[in-house]
There are 2 protein chains.
Amino acid sequence: MKLTRKQEIIVIASKLFKEKGFQAVSMRDIAKAMGIKASSLYNHIQGKQEILSTLILEVAHEFTNGMNAVVSETLTPIQKIEKIIELHIDITVNYSEGLAALNNDWMHLEEENRKSYIKMRDDYEENFRSIIKEGIRDKSLTNNHPEVILFSILSTLRTLYLWYQKRGKLDENVLKKDMVAIMLQGIANH
Amino acid sequence: MKLTRKQEIIVIASKLFKEKGFQAVSMRDIAKAMGIKASSLYNHIQGKQEILSTLILEVAHEFTNGMNAVVSETLTPIQKIEKIIELHIDITVNYSEGLAALNNDWMHLEEENRKSYIKMRDDYEENFRSIIKEGIRDKSLTNNHPEVILFSILSTLRTLYLWYQKRGKLDENVLKKDMVAIMLQGIANH
DNA sequence: TATTGTAACTAACAATCGTTAGTTTTGTGT
DNA sequence: ACACAAAACTAACGATTGTTAGTTACAATA
């Protein structure tokens, strides 16, 4: 499928953002990477802020939709967690650069978009938290502090994009299997 | 203990960097937070870059020294991993803002400092990797891909600073116990 | 061939950036 | 009261920022 010029700009900008961060990339940097002048970018986009918000909100919606799908299924807490791990891996593979922007540059979103991003993130975490608490209640999960469990898993899943590229040789399914094993069973042999 | 004016600047700047990132904080922002003019900062520091490098390299040395101490002790791989978790928690508690800079803004270090930071980080990871491989060899650790184990643990430890503040009520020792349990035994009840 | 829309261009804007030079204020010890 | 050092100030610099206005090149369509 052929990209529109606008999409091309967003793809190229996202790669620069991932390397240097949103604030360190100028419109002239983006233009140079496209082989055009900075002012020409404005034939296709409204401004720098639009690039960032498009990138981040697209990924945020992927997470929200994915989580909603998981929640609405009738599964055990552990099965739901496995689905969530799968969701993160899929998004990491398909939206690596957007994920970097979401993790590192969300605070540079303008007021309105920042608010709706934070809302989506909070809702996402709250759904995840509920699943964990449910698992602790029915004794399928260990009785550790739910907040520590939540952040341990989420930290790993959220920074997967930093590692996935280096591990290109590692198959997506093998990665999923190992990650599920490590998070559920731990790394100690017993 | 009383801080020098230089140290005050670095403390205040680090808090701003943690919120907005290095590039989004101007010397005028830092000065305003200090209640002085931007040019007055130069009576105490060489420039913006010095603030960043001081912050990051200080924390990086903490990690290096801590890891060297762990490696030189005669402990089982699992005991070494516990020590490393402890190390990260300690650094998180004492250098929260520097840790944020290290994680998010290391790429804005100038050539020489960036190189030495990367060297320290690579050495750190290599030491950690060796411990994990040793654990897999002697069967005290599960036979998952060592790289996946490494990144799972390190992701959690490295982003702890993002969560620790919210969980102020959680005692440092309880946190350590839960994190060790989760990483070693997993979260599934068995 | 003439028209039209797309996408590039040049030139410039006001604002802000890190930093420097030179000067004045403030506080301390004699 | 005086000297001296520390630390603030004002003013400005050249560079870079995101963005706008107005214009030109080019390709497809009528």
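1. DNA strand C. This strand has 15 residues around it. The closest are A:Lys37, A:Ser39, B:Ser26, B:Ser39 and B:Gly47, so both chains appear in that list. In chain B, helix H2 (27-34) and helix H3 (48-72) each give at least two residues to the surface near DNA strand C. The classes of that surface are four nonpolar, seven polar and four charged residues. Keep in mind throughout that this is a predicted model.

2. DNA strand D. Here too, 15 residues surround the strand. A:Ser26, A:Ser39, A:Gly47, B:Lys37 and B:Ser39 are the closest. The elements that contribute two or more residues to this surface are helix H2 (27-34) and helix H3 (48-72) of chain A. By class, the surface near DNA strand D holds four nonpolar, seven polar and four charged residues.

3. Contact between the chains. Chain A puts 37 residues into the contact, and chain B puts in 37 residues. On the chain A side, helix H7 (146-158) and helix H9 (172-185) each supply at least two residues. H9(A) gives the largest share, eight residues. The side of chain A that touches chain B divides into 17 nonpolar, 15 polar and five charged residues.

4. Symmetry. A turn of 180 degrees, with a shift of 0.0 Å along the axis, lays chain A on chain B with an RMSD of 0.0 Å. The two copies are therefore related as by a two-fold rotation axis. Which C-alpha of chain A is nearest the axis? That of A:Gly186, at 1.7 Å from it. Both copies use the same surface, and 100% of the contact residues of chain A recur in chain B.

5. Fold of chain A. The secondary structure is nine helices and zero strands. Along the sequence the pattern reads α-α-α-α-α-α-α-α-α. The C-alpha atoms fill a box of roughly 60 × 40 × 30 Å along the principal axes. Of the 190 residues in chain A, 33% are buried. Take the contacts in chain A between residues at least 6 apart in sequence: 70% of them join residues at least 24 apart.

6. Helix H1 of chain A, length. The helix covers residues 5-20, which is 16 residues. At 1.5 Å a residue, the expected span is 22 Å. The end C-alpha atoms are 23 Å apart, which agrees. After H1(A) comes A:Gly21, with a positive phi near 90 degrees.

7. Helix H1 of chain A, buried face. The buried residues in H1(A) are A:Ile9, A:Ile10, A:Ala13, A:Ser14, A:Phe17 and A:Lys18. They cover an arc of only 160 degrees around the axis, so they sit on the same side of H1(A). An α-helix has 3.6 residues a turn, so residues three or four places apart point the same way. What covers the buried residues of H1(A)? The cover includes H2, H3 and helix H5 (96-105) of chain A.

8. B:Lys80, a buried lysine. B:Lys80 is in helix H4 (residues 77-94) of chain B. With 22 other C-beta atoms within 10 Å, B:Lys80 is buried; the cut-off is 20 or more. Leaving aside neighbours within four places in sequence, B:Lys80 is in contact with B:Val70, B:Leu75 and B:Ile131. B:His190 lies 110 residues from B:Lys80 along the chain, and their C-alpha atoms are separated by 24 Å.

9. A:Lys139, backbone check. A:Lys139 is not a glycine, although its phi is positive, about 65 degrees. The residue is in the loop between helix H6 (111-137) and H7 of chain A. Is A:Lys139 buried or exposed? A:Lys139 counts as exposed, because it has 9 C-beta neighbours inside 10 Å, and 12 or fewer is the limit for that class.

10. B:Lys139, backbone check. In chain B, phi of B:Lys139 is positive, near 70 degrees, and again the residue is other than glycine. B:Lys139 is placed in the loop between helix H6 (111-137) and helix H7 (146-158) of chain B. B:Lys139 has 9 C-beta neighbours inside 10 Å and so counts as exposed.

Definitions and conventions. Residues are numbered from 1 along each chain as its sequence is written. Chains are lettered from A and ligands numbered from 1 in the order in which they are written. This is a predicted model: local features need pLDDT of at least 70, side-chain atom pairs count only at pLDDT 80 or more; totals for chains, interfaces and linings use all residues. A residue is near a molecule or strand if its C-beta atom, placed from the backbone, lies within 6 Å of it. Helices (H or I, at least four residues) and strands (E, at least two) are DSSP runs, numbered from the N terminus. Ala, Val, Leu, Ile, Met, Phe, Trp, Tyr, Cys and Pro count as nonpolar, Asp, Glu, Lys and Arg as charged, and the others, Gly among them, as polar. Two residues are in contact if their C-beta atoms, placed from the backbone, lie within 7 Å. Copies are superposed by least squares on the C-alpha atoms of residues with pLDDT of at least 70 in both. The expected span of a helix is 1.5 Å times one less than its number of residues. The arc is that of the directions from the helix axis to the C-beta atoms.
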